[in-house]
Amino acid sequence: MARRKSSRRIDPDFGEPSRSGLSAREDDRMVSPRQRKTSAKGRSRRGRARRGRRSGLFPFLGRLTYWSLVLALWSGIAVAGIVAYYGAQMPSATSWAIPDRPPNVKIVDVNGKLIANRGMTGGESVSLQQMSPYIPEAVIAIE
């Protein structure tokens with residue numbers, strides 16, 4: 001590689017002096033060469049600092065917050081998909097009905113005394129006065 005002999009800027013002149021008489025002096029320029037060099041150095045240092053890996057608690061918390069929000073977003077999308085899938089699989093509300101009970105089976109002992117009833121049992125109606133006072137209160141407490 002060739003070495004630079006001086007740090008002074010040399011503009012190309014294409015072998016002949018300016019015919020139009022246009023030229024730019026040092027004080028005509030917006031930024032002097034000294035300022036240009038320092039600002040270029042400053043930019044490169046800042047650029048390197050930004051590109052370098054930051055360490056500490058706050059960048060870690062920032063990344064943790066970002067990925068937590070991404071995970072929450074995808075989890076919400078997944079839950080919405082599951083709800084939509086099972087909602088599509090459900091039968092229509094008009095076809096909901098109480099399933100039929102199997103026929104009644106009475107279990108009796110050797111003497112013919114009733115031990116148990118299994119299946120659909122339909123008993124007689126009982127009024128509230130004939131019930132224990134705790135039954136209606138228990139039903140209301142459950143509701």
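**Exercise 1. Find how much surface the protein exposes and which share carbon and sulfur atoms supply.**

Start with the total: the protein exposes about 14600 Å², by the Shrake-Rupley method with a 1.4 Å probe. Then take the share: carbon and sulfur atoms supply 60% of this area. Keep in mind that this is a predicted model, where local features need pLDDT of at least 70, side-chain atom pairs count only at pLDDT 80 or more, and totals for chains, interfaces and linings use all residues. Residues are numbered from 1 along each chain as its sequence is written, and side-chain values use heavy atoms, with hydrogens and water left out.

**Exercise 2. Place Phe-58 and decide whether it is buried or exposed.**

First, locate Phe-58: it lies in helix 2 (residues 57–89), helices being DSSP runs of H or I with at least four residues, and strands runs of E with at least two, numbered from the N terminus. Next, apply the cut-offs: buried is under 20% relative accessible area, exposed over 50%, partly exposed in between (1.4 Å probe, protein chains only). With 69%, Phe-58 is exposed. Finally, set this beside the whole protein, where buried residues make up 1% of the 143 residues.

**Exercise 3. Trace the order of elements and describe how strand 1 and strand 2 pair.**

Begin with the order, α-α-β-β-α from the N terminus on. Now look at the pairing (at least two DSSP bridges between two strands): strand 1 (residues 105–108) and strand 2 (residues 114–118) run antiparallel, joined by four bridges. One partnership to check is Val-108 with Leu-114 in strand 2. Last comes the turn: the two strands form a hairpin with five residues between them, and Gly-112 there has a positive phi of about 95 degrees.
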